[in-house]
Amino acid sequence: MAVHAHPDDESSKGAATMAKYVSEGVDVLVVTCTGGERGSILNPKLQGDKYIEEHIHEVRKKEMDEAREILGVKQEWLGFVDSGLPEGDPLPPLPEGCFALEDVDKAAGELVKQIRSFRPQVITTYDENGGYPHPDHIMTHKISMVAFEGAADTEKYPEAEYGPAYQPRKLYYNQGFNRPRTEALHQAMLDRGLESPYGDWLKRWDEFGMKQRTLTTHVPCGDFYEIRDKALIAHATQIDPDGGWFRVPLELQKEVWPTEEYELAKSLVDTSLPEDDLFAGIRDNA
């Protein structure tokens with residue numbers, strides 16, 4: 001189970017991993033917490049389109065449907081309202097009724113229902129910083145942590161309302177946007193005389209003093225990068241197919257960095273680090 005904040009997050013974070021596991025017969029469910037209603041239209045080719053602006057919820061749902069089919073996964077909506085990304089100094093208050101202002105335990109209960117129904121062995125989500133500090137990403141982290149434990153807690157989440165108790169075995173944080181990967185691809189582009197899209201990224205890493213995360217798990221999935229990119233492009237309002245996401249040639253990516261990275265946050269099975277499989281310790285003890 002991959003828990004994400006908005007439609008498009010599933011295609012930009014761990015998509016090749018999911019496609020790999022689907023190809024192996026693993027049942028994969030994406031849980032999307034919000035509809036992405038307040039997301040800006042980031043593709044310049046679609047900016048100013050009145051229909052999209054007035055029907056953004058429907059448009060993003062259709063984009064999610066297409067990406068889901070490309071990845072071969074199942075997908076469920078939790079139904080919360082996008083909080084938007086506040087900007088300004090000072091930051092404006094979050095909009096009333098948005099996901100980030102929901103009661104954490106109550107919101108986690110909706111995820112508990114999905115966990116108890118799907119019964120995943122492994123869950124992926126975001127770290128305490130949300131991967132980046134979007135309020136919905138941080139809230140996704142919070143409810144994922146509560147639900148991981150709460151799915152087995154029948155006192156907090158009674159079976160009559162939330163379904164039969166179940167305990168997932170492992171929980172990971174997505175860490176695909178990590179510094180070692182970025183530096184490796186940046187240098188590979190420069191070595192080949194190509195313009196790198198990562199120069200400014202690396203400067204911001206230094207400027208903001210971003211914490212280096214522990215990468216415990218490198219999943220080999222380079223053969224599924226094409227599927228990842230196709231799913232990402234399906235989110236047309238969010239992704240410019242001619243933009244920075246796609247400036248590093250696929251063959252270079254496969255050669256230099258053919259894995260997606262994760263940080264093991266919780267495990268109820270014995271496993272040895274580093275791993276190359278989210279199911280390490282689970283397959284062994286099946």
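Which residue does Asp-8 form a salt bridge with? The partner is Arg-60, and the closest N and O atoms of the two sit 2.5 Å apart. Keep in mind that this is a predicted model. The structure holds 24 salt bridges, and this briefing walks through some of them, then turns to a buried aspartate and to some helix packing.

**Salt bridges across the chain**

- Asp-8 sits in the loop between β1 (2–4) and α1, while Arg-60 belongs to helix α4, so to speak a long way along the chain: the two are 52 residues apart.
- Asp-8 has a relative accessibility of 12%, so it counts as buried.
- Arg-60 is buried too, with a relative accessible area of just 2%.
- Another salt bridge pairs Lys-170 with Glu-275, with 2.9 Å between the closest N and O atoms.
- Lys-170 is part of strand β5 (residues 170–174) and Glu-275 is in the segment after β7, so this pair ties together parts that are 105 residues apart in sequence.
- Both of these residues, Lys-170 and Glu-275, are buried.
- Arg-213 and Glu-263 also meet through their side chains in a salt bridge, at 2.9 Å from N to O.
- Here the link runs from the loop between α9 and β6 (217–220), home of Arg-213, to strand β7, home of Glu-263, and the two are 50 residues apart.
- Arg-213 is buried because its relative accessible area is 14%, under the 20% cut-off.
- Glu-263, at 13%, is buried as well.
- Lys-20, Glu-24, Asp-277 and Arg-283 join up in a network of salt bridges.

**A buried aspartate in a loop**

- Asp-240 is found in the loop between α10 and α11, and its relative accessibility of 16% makes it buried.
- Its side chain makes a polar contact of 2.7 Å with the side chain of Lys-45.
- A polar atom of the Asp-240 side chain also lies 3.0 Å from the backbone nitrogen of Asp-242.
- Setting aside neighbours within four places in sequence, Asp-240 touches Asn-43, Pro-44, Lys-45 and Phe-246.

**Helices and their partners**

- Helix α8 (residues 179–191) packs with helix α9 (residues 199–207) at an angle of about 145°, and their axes are 10 Å apart.
- The crossing of α8 past α9 is left-handed.
- On the α8 side, the contact uses Arg-179, Thr-182, Glu-183 and His-186, and on the α9 side Gly-199, Trp-201, Leu-202, Trp-205 and Asp-206.
- Sorted by type, the residues of this contact are three nonpolar, three polar and three charged.
- Over in helix α10 (residues 225–234), the buried residues include Tyr-225, Arg-228 and Asp-229.
- The buried residues of α10 pack against several elements, among them α4 (56–71) and β7 (259–267).

Key
Residues are numbered from 1 along each chain as its sequence is written. This is a predicted model: local features need pLDDT of at least 70, side-chain atom pairs count only at pLDDT 80 or more; totals for chains, interfaces and linings use all residues. Side-chain values use heavy atoms; hydrogens and water are left out. Axes are lines fitted to C-alpha atoms, for helices over the stretch in contact, and angles run from 0 to 180 degrees between N-to-C directions. Helices (H or I, at least four residues) and strands (E, at least two) are DSSP runs, numbered from the N terminus. A crossing is left-handed if the near helix is turned anticlockwise from the far one by less than a right angle, and right-handed if clockwise. Contact means heavy atoms within 4.5 Å. Ala, Val, Leu, Ile, Met, Phe, Trp, Tyr, Cys and Pro count as nonpolar, Asp, Glu, Lys and Arg as charged, and the others, Gly among them, as polar. Buried means under 20% relative accessible area, exposed over 50%, partly exposed in between (1.4 Å probe, protein chains only). A polar contact is a pair of N or O atoms within 3.5 Å; within protein, one must be able to donate a hydrogen and the other to accept it, and residues adjacent in sequence count only if both atoms are side-chain atoms. A salt bridge is a side-chain nitrogen of Lys or Arg within 4 Å of a carboxyl oxygen of Asp or Glu.
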